[in-house]
Amino acid sequence: MASAPVRVRFCPSPTGNPHVGLVRTALFNWAFARHHQGTLVFRIEDTDAARDSEESYEQLLDSMRWLGLDWDEGPETGGPHAPYRQSQRMHLYKEVASKLLEAGHAYYCYCSQAELDARREAARAAGKPSGYDGHCRDLTAQQVAEYQAQDRTPIVRFRMPDETITFTDLVRGELTFTPENVPDYGIVRANGAPLYTLVNPVDDALMEITHVLRGEDLLSSTPRQIALYKALIELGVAKEIPRFGHLPYVMGEGNKKLSKRDPQASLNLYRERGFLPEGLLNYLSLLGWSLSADQDIFTTAELVAAFDITDVNPNPARFDLKKCEAINGDHIRMLDVKDFTARCEPWLRAPFAPWALEDFDEAKWHAIAPHAQTRLKVLSEITDNVDFLFLPEPVFDEPSWTKAMKEGSDALLRTARERLEAADWASAESLKEAVLAAGEAHGLKLGKAQAPVRVAVTGRTVGLPLFESLEILGKDTTLARIDAALAKLTG
């Protein structure tokens, strides 16, 4: 019998800014769906009114669009299982909870928090499992009446079967959970609000999800959900139990799990710094997976063609910002120059650009762009790299000035000015020869000779290829800046 078409889901909660761990989960689900010509369901888990916000919801949609992770069913797209926001599906959860209660798969629990805490402490002291002890599992009608007379409002708990649960995780292999370690659990709060433990499996069942690929932090809930699935199948709500794959933790600084509170976790940070979506996705895919042992740089198309969830490494993956930047730089160089210039545009305007709008020279920008493309790790670096072209005078970086303008630099600059004045300004090679000759006149190699010229003209010791930069800046401005530097040195 042919297997069912692949249906996976990405179901974030709209709380705060999206983070890179969430993006990695979205990416692996997306790549899995695309590799199998399956369906990606984008579902919003917004049942926590105290924490959810419409702003975060809009950010989630915007982030997915920016990343290029398209979805087949979900917000804005629609689909046969709409609506795709849990806050609009409450009637479904209420109906399923009623069915579970009626069939005996769930029961009302009247225990107060204080009673639960006291019994947990007693269990711990006795060296026993400290989960729920089943106190309300089989209450008599008289006990229920007594609790109701005390005005106790019950929660609804799911009745776990007294059996070992074993399943094969797509990432971790066969896993087994014994009954004493998976106690009965709450599925509906005392105020009637459904919990994640109910709404997530119910939505997966109703949306016919075949594979659940999610973070390792949710692994402990899987045996509970498998038991709930069996009950839902019995009730005709679900058709089958999906296959589970739990993705490894992403670790940050100090080998701690990267949390959404860590600055380097925020997706917005990477967007603001000018990471390319394809560069960021390339790096995030390496957090637990690889295309091959000798290839770190690849396109999303290559990722989709090769992705197999069973190749994901279960061990924690460390987020390395420097490697992420390096991979992004490689993707910048993979762009055609027209695309590169277009993607840099936001950083060439206010509020990022320090120059006046009227001082921006389109011709100079297009001339320097191919040289800039070879040097950037992130697009936001373009602003500091080209500001010397559009500002009336360079922004001097004081450490650069101190490093480059050593004793004798004024004499070198005078000689370089003479040679540059006589050079062919239509040729970057001619300008290089002029500075090389000036250095030789003072017993300096090119590297030492060009440093004072670079700082005089651009303000920094590090930047774009110098002689191409001088050619684009032009003779008059270059010589005037050398004159200004000489005045600063000798004044």
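A cavity is a set of points, on a 1 Å grid over the protein atoms alone, where a 1.4 Å probe fits but cannot get out. A pocket is an open set of points with protein on both sides within 12 Å along at least five of seven lines. Lining residues have an atom within 4 Å of a point. Grid points are joined across faces, edges and corners, and a volume is the space filled by probe spheres set on the points. Rolling a probe the size of a water molecule over the atoms shows where empty space is left.

The model is predicted: local features need pLDDT of at least 70, side-chain atom pairs count only at pLDDT 80 or more, and totals for chains, interfaces and linings use all residues. Residues are numbered from 1 along each chain as its sequence is written, and side-chain values use heavy atoms, with hydrogens and water left out.

The overall form of the chain comes first. Its secondary structure comprises 20 helices and 11 strands. Helices (H or I, at least four residues) and strands (E, at least two) are DSSP runs, numbered from the N terminus. The chain has a radius of gyration of 31 Å, well over the 23 Å that the globule rule gives for 491 residues, so it is more spread out than a compact globule. This radius is taken over C-alpha atoms, and the rule is 2.2 Å times the number of residues to the power 0.38. Along the principal axes, the C-alpha atoms fill a box of roughly 105 × 50 × 40 Å.

Of the 491 residues, 48% count as buried. Buried means under 20% relative accessible area, exposed over 50%, and partly exposed in between (1.4 Å probe, protein chains only). The accessible surface of the chain is about 23000 Å². Carbon and sulfur atoms hold 50% of that surface. Areas come from the Shrake-Rupley method with a 1.4 Å probe; for residues, only the protein chains shown count as cover. Contact means heavy atoms within 4.5 Å. Among contacts between residues at least 6 apart in sequence, 75% join residues at least 24 apart.

The search of the whole structure yields 1 cavity of 30 Å³ or more. Its volume is about 60 Å³. Helices α1 (20-35) and α2 (54-67) are the elements that give two or more residues to its lining. The largest share, 4 residues, comes from α2. Among the lining residues are Phe10, His19, Leu22, Leu60, Met64 and Leu267. The lining divides into 9 nonpolar, 2 polar and no charged residues. Here Ala, Val, Leu, Ile, Met, Phe, Trp, Tyr, Cys and Pro count as nonpolar, Asp, Glu, Lys and Arg as charged, and the others, Gly among them, as polar.

The largest pocket has a volume of about 1200 Å³. It is lined by 48 residues, and Ser13, His19, Leu22, Asp217 and Leu218 are the closest to its centre. At least two lining residues come from each of β1 (7-10), α1, α6 (196-206), β8 (211-215) and α7 (222-234). Helix α1 gives the most, with 5 residues. The lining holds 18 nonpolar, 16 polar and 14 charged residues.

His19 belongs to the linings of both the cavity and the largest pocket. His19 sits in the loop between β1 and α1. With a relative accessible area of 18%, His19 is buried. Beyond its neighbours within four places in sequence, His19 contacts Lys260, Ala265, Ser266 and Leu267.

Leu267 is also among the contacts of Trp66. Trp66 lies in helix α2 and is partly exposed, at 22% relative accessibility. With neighbours within four places in sequence left aside, the other contacts of Trp66 are Arg271, Phe275, Leu276, Pro277 and Leu280.

The second largest pocket has a volume of about 370 Å³. Of its 16 lining residues, Ala404, Lys406, Lys448, Ala451 and Pro452 lie nearest its centre. Helices α15 (398-404), α16 (409-421) and α18 (446-458) each supply at least two lining residues. Helix α18 gives the most, with 6 residues. The lining divides into 5 nonpolar, 6 polar and 5 charged residues.

Glu429 is part of helix α17 (residues 428-441). At 44% relative accessibility, Glu429 is partly exposed. From C-alpha to C-alpha, Glu429 is 9.6 Å from Glu471, and the two are 42 residues apart in sequence. Trp66 and Glu429 are 41 Å apart in space, C-alpha to C-alpha, and 363 residues apart in sequence.
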